[in-house]
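Colleague: I have a new model open and want to learn how to read it. Can we go through it feature by feature?

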Amino acid sequence: MVSALEPGSDKWVVVDVETSGLKASRDRVLSVAALTIDEHGHIGRELSTLVNPGCDPGPVHIHKLTPERLEGAPTFDMIAPQLMELLDGRTMVAHNASFDHGFLKLESMRAGIDMPTKQRLCTVALSRRLQLDTPNHKLSTLAAHWKVLQSNAHDAYDDALVLAQVFTHSARLARSLELPLPVVTCTERLTLYPDTVPRTHCDWENPGPLAIDGPLLQGMRVVISGATRIPRLRLAAQITDAGLDVMNSVSRFTSVVVCSDPTTDSRKVERARAHGLRVISESELLALLRDVRPGTPKDVRPQTQPKQPMPQPAPVTKPWQSRRVLVMGGSHAESVLMRSRLIQLGATPAVNLSAGVTDILILDGGDGDPRMTKVKERDVTLLTPASIDRELNIEVPAPLPDRRPRIAPLVPRGGVVDLDPEATALTVNSSWRADDTDRIGVDVIAFLVNDDELVSSDEDFVFYNAPATSDGAVSMSIDGDSEQGVRIDLALVPEECVRVVVAAAIDGDNTFGDLGAVALSLDGIDSTIVTAVLDAATTERSMLLAEIYRRGSGWRFRPIGQGYDDGLAELAVRYGVEVDG
């Protein structure tokens with residue numbers, strides 16, 4: 001369907017896909033909807049179709065796309081030309097845009113077609129930037145907030161129609177606040193590897209390297225490199241059934257590498273030789289699998305009592321805990337000082353002029369900030385340093401109106417929060433000032449570390465080119481230009497991992513002092529649990545943001561804010577990740 005929009009006016013294309021699973025390299029697109037819209041939300045051209053994936057459709061109870069419904073549908077290569085035409089020259093808009101873009105990119109590569117999308121916008125990132133007064137950023141929640149009717153959730157066409165309206169309302173609010181939209185460049189960082197072997201639990205201790213002419217022992221870590229006669233995943237399952245631990249990368253904990261080409265110069269084989277490990281062929285492996293010797297069972301992590309919520313201290317009521325305050329003007333040092341005083345009062349410092357801001361603290365030169373026009377239009381309360389000081393000098397400050405009841409508790413840098421054992425699906429989200437004129441490239445990353453504070457292998461390092469662990473325990477989530485997140489499923493974190501460290505590194509010559517305050521939020525499925533503000537950086541180019549770590553039978557969250565003057569590569573090496581020179 002084509003409307004009467006002027007050519008080129010519909011510069012956005014809203015996209016939604018339904019898929020057979022969550023991993024683009026393994027799962028397939030089942031349906032796709034794409035709507036071109038202009039800045040007023042007027043729909044131009046549409047595409048909505050089922051897609052025959054040629055495989056099991058996965059969670060039918062969610063998307064209702066049974067094999068019978070998909071049987072007569074076109075394959076992706078058949079609908080690709082029309083879809084690519086809609087994508088070409090437009091910014092792709094989607095809810096969790098990296099997910100939809102990743103699936104369409106992989107499907108395009110399978111079909112031998114170049115996907116023309118150069119930019120994308122995530123409406124989750126946009127919602128977080130606006131700080132709407134909502135408990136979470138689900139599409140259904142945003143639809144209810146903007147009074148948009150959602151009649152058929154998880155239907156690609158209906159979700160795209162809803163998202164088009166949500167995006168239009170959100171973009172209009174962002175423009176009124178002079179907040180730039182979180183448009184990011186679709187880089188060519190996507191890399192395809194052979195089938196990744198999902199990590200599975202191994203009941204046996206790792207006995208170390210395979211000795212010359214020695215037998216395989218249960219618990220040994222095996223890495224497969226290159227092509228195999230038996231399909232890789234089937235071979236991995238055979239190794240796992242024998243009590244061995246199959247990994248995807250070589251590390252100091254690897255026992256043996258399987259590679260049938262002795263002349264290969266693959267990275268895995270080179271690392272195996274550097275570590276003094278044996279490299280055996282597939283046929284040698286199969287022979288050794290006939291006689292795998294018993295291993296040493298792993299110790300069961302002690303459980304002194306059934307999992308119960310740890311006792312929490314009574315919440316301390318602070319007079320400004322329902323306020324979100326943006327500091328304008330002043331030097332970096334003055335801004336840091338005033339934000340620390342705001343935290344003493346219980347207020348949450350803001351990094352952007354968002355819909356959630358309740359007050360503006362004006363420092364020297366702040367009245368000349370270009371955002372002041374929007375501040376006056378919104379009739380936001382203006383504060384001065386003197387008013388802050390007066391409040392801090394009063395033993396029991398007078399309570400202020402409760403304007404933002406949804407603001408989560410603020411945790412100081414280094415503070416500790418015991419997590420509810422029932423809350424296993426968490427996201428550590430970070431954000432910083434959004435600025436169209438001085439964008440600073442930041443990569444948020446994560447390390448899964450053991451008792452020795454090192455990763456057990458490179459696959460426990462999650463970053464832009466490896467955005468998830470093989471078992472799905474940790475993965476990257478939103479990817480705005482000033483909002484990024486790391487999703488953690490505590491139920492899937494390997495038992496040898498004692499902490500998940502979330503960090504960030506800055507591209508180029510900028511520092512965290514240039515970036516300014518970094519806001520953190522620990523989010524559950526339905527709401528934000530706690531927030532934190534890290535505001536002490538100067539010359540650092542990398543920073544530990546937060547960690548989630550084991551404490552007895554439970555987990556804790558701690559904001560860190562520890563910076564280093566070196567960059568991403570040096571930070572990775574510090575945690576045991578092998579970086580190629």
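Modeller: We start with the whole chain and then move to single residues and ring pairs.

Modeller: One caution before that. This is a predicted model.

Colleague: How many helices and strands does the protein chain have?

Modeller: Count the secondary-structure elements before looking at details. The protein chain has 15 helices and 25 strands.

Colleague: What does the radius of gyration say about the protein chain?

Modeller: Compare it with the value for a compact globule. For 581 residues that value is near 25 Å, and the protein chain has 26 Å, so the two agree. Along the principal axes, the C-alpha atoms fill a box of roughly 80 × 60 × 45 Å.

Colleague: What share of the residues is buried?

Modeller: Buried means under 20% relative accessible area. In the protein chain, 52% of the 581 residues meet that description. The exposed surface comes to about 26600 Å², with 52% of it supplied by carbon and sulfur atoms.

Colleague: And the contacts: what percentage join residues at least 24 apart?

Modeller: Take contacts between residues at least 6 apart in sequence. Of these, 71% join residues at least 24 apart.

Colleague: Now a helix. How does the span of α7 compare with the expected one?

Modeller: Start from the general geometry. An α-helix has 3.6 residues a turn, so residues three or four places apart point the same way. Helix α7 covers residues 156-176, 21 residues in total. From first C-alpha to last, α7 reaches 30 Å, close to the 30 Å expected at 1.5 Å a residue. After α7 comes Glu-178, with a positive phi near 55°.

Colleague: Next, Thr-19. Is Thr-19 buried or exposed?

Modeller: Place the residue, then check its accessibility. Thr-19 belongs to strand β1, residues 12-19. Thr-19 counts as buried because its relative accessibility is 8%, and the cut-off is 20%.

Colleague: What does the side chain of Thr-19 reach?

Modeller: The backbone oxygen of Gly-21, at 2.5 Å. Beyond neighbours within four places in sequence, Thr-19 also has a set of contacts, including Arg-28, Pro-57, His-63, Phe-99 and Phe-103.

Colleague: Let me try a loop residue. Where does Asp-88 lie?

Modeller: In the loop between α3 (76-87) and β4 (91-94). The relative accessible area of Asp-88 is 48%, so Asp-88 is partly exposed. For a sense of distance, take Lys-374, 286 residues away along the chain from Asp-88. Their C-alpha atoms are separated by 34 Å.

Colleague: Last topic, aromatics. How many aromatic pairs does a search of the whole structure find?

Modeller: Six. For each pair, read the centre distance and the angle between planes. Trp-12 and Phe-167 have ring centres 5.0 Å apart and planes at 65°, so this pair is edge-to-face. The pair links distant parts of the chain, with Trp-12 in strand β1 and Phe-167 in helix α7, 155 residues apart. Trp-12 is buried at 7% relative accessible area, and Phe-167 is buried at 2%.

Colleague: And how do Phe-447 and Phe-461 pair, stacked or edge-to-face?

Modeller: Stacked, with 5.0 Å centre to centre and 5° between the planes. Phe-447 is in strand β17 (residues 442-449) and Phe-461 in strand β18 (residues 461-462), 14 residues apart. Phe-447 has 0% relative accessibility and counts as buried. Phe-461 counts as buried too, at 7%.

Colleague: Which residues do ring pairs link into a cluster?

Modeller: Phe-447, Phe-461, Phe-463, Tyr-464 and Tyr-575.

Conventions. Residues numbered from 1 in each chain as written. Predicted model: local features only at pLDDT ≥ 70, side-chain atom pairs only at ≥ 80, totals over all residues. Heavy atoms only, no water. Helix = DSSP H or I, 4+ residues; strand = E, 2+ residues; numbered from the N terminus. Expected span 1.5 Å × (residues − 1). Buried < 20%, exposed > 50% of the residue type's maximum accessible area, 1.4 Å probe, protein only. Polar contact = N/O pair within 3.5 Å; in protein donor to acceptor, adjacent residues only side chain to side chain. Contact = heavy atoms within 4.5 Å. Rg over C-alpha atoms; globule rule 2.2 N^0.38 Å. Areas by Shrake-Rupley, 256 points an atom, 1.4 Å probe, with all protein chains shown as cover. Phe/Tyr/Trp six-rings, centres within 6.5 Å; stacked < 30°, edge-to-face > 60°.
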